[in-house]
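Reader: I'm new to this one, so please pick a spot where two helices pack together and walk me through it. I'd also like to hear about any open space in the model.

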Amino acid sequence: MKVLCLHGGGVNSKVMEYQTGNLRRALGDKTHFEYLNGPREWADPVDPRLLRFFGDGPYFGWYGVSDDADPSRAHTDKLLDETITFTYEQVEEGLDYVEAKIQASGPFDAIMGFSQGSIVATMLTARAMARHTAGDGPGPTWRHVLLFSGMPPRDSGYMRRLKEPLAFPCTLVFGRRDEFFDYGQRLRNLYSAPTVFEHAEGHKFPSDPQINEAIAAHVHHQVRAITPQ
């Protein structure tokens, strides 16, 4: 199995490779992982813990984010308030960048995204499915999306595109102590039949070996089930 890995905002591929250590061991040495850096250098403050363990970077994101809310409001609060308009800057360029990687290095069996990377995976899948439906090009060449600490897109344009659930194989993994947990639950409704795992931790990959083994077994089964014979 071959997996393309999309990191969260404000980190990089090296950080995500470290974050996925437990899951990589569970998926086994026959699974190949490719980690892609986002196309935009991160302009916001970087978590001091990252700087301590991984140095000065650079660190990356996939697109810019702006909104029309009072800047004093908490980000999690703004995400839940549908009267607030969010805009993603250079998002199509970011998606084109990921698709270019897929064309150059694929095909991939699955796309794995964490946090902002999970938003990219959902938008990329939705865009490819819509393109195929309209007869404007190929649909997704990947077979599964695996989203950790995921959230639905908040960009106003993509919210309009995602009125109907995506009929695409999807696994969602949430940490119940994640500050984005409540908002992330809306992602369940963006896919028609997602499989959902939860763990007792926060905005991170799970450390529990049993949960990682269960996720790995499920993803292997799902990918095998839809691999052409």
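Author: Let's start with helix 5 (residues 91–105) and helix 6 (residues 116–133), whose axes sit 10 Å apart and make an angle of about 80°. Helices here are DSSP runs of H or I, at least four residues long, strands are runs of E of at least two, and both are numbered from the N terminus. Axes are lines fitted to C-alpha atoms over the stretch in contact, with angles from 0 to 180 degrees between N-to-C directions. The two helices are therefore roughly perpendicular to each other (that label covers 65 to 115 degrees).

Before going on: this is a predicted model, where local features need pLDDT of at least 70 and side-chain atom pairs pLDDT 80 or more, while totals for chains, interfaces and linings use all residues. Residues are numbered from 1 along each chain as its sequence is written, and side-chain values use heavy atoms, without hydrogens or water.

So who touches whom? On the helix 5 side you'll find Val91, Glu92, Leu95, Asp96, Val98, Glu99 and Ile102, and they meet Val120, Met123, Leu124, Arg127 and Arg131 of helix 6 (contact means heavy atoms within 4.5 Å). By class, that contact has 7 nonpolar and 5 charged residues, and no polar ones.

Helix 6 turns up again in the largest pocket, as one of the elements giving two or more residues to its lining. Helix 1 (13–19), helix 2 (21–27) and helix 4 (75–80) are also among them. Helix 3 gives the largest share, 4 residues. The pocket's volume is about 1,500 Å³ (a pocket is an open set of 1 Å grid points for a 1.4 Å probe, with protein on both sides within 12 Å along at least five of seven lines). Its lining counts 46 residues, and Gly9, Val11, Phe114, Ser115 and His203 lie nearest its centre. Sorted by class, the lining holds 23 nonpolar, 14 polar and 9 charged residues.

The second largest pocket has about 270 Å³ of space. Leu79, Glu82, Pro152, Pro153, Arg154 and Met159 are among its lining residues, and so are Leu162, Lys163, Tyr183, Arg186, Asn189 and Leu190 (lining means an atom within 4 Å of a point). That lining splits into 7 nonpolar, 1 polar and 4 charged residues. Here Tyr, Pro and Met count as nonpolar, and Asp, Glu, Lys and Arg as charged.

Definitions and conventions: Parallel < 35°, antiparallel > 145°, perpendicular 65-115°, else oblique. Points joined across faces, edges and corners; volume = space filled by probe spheres on them.
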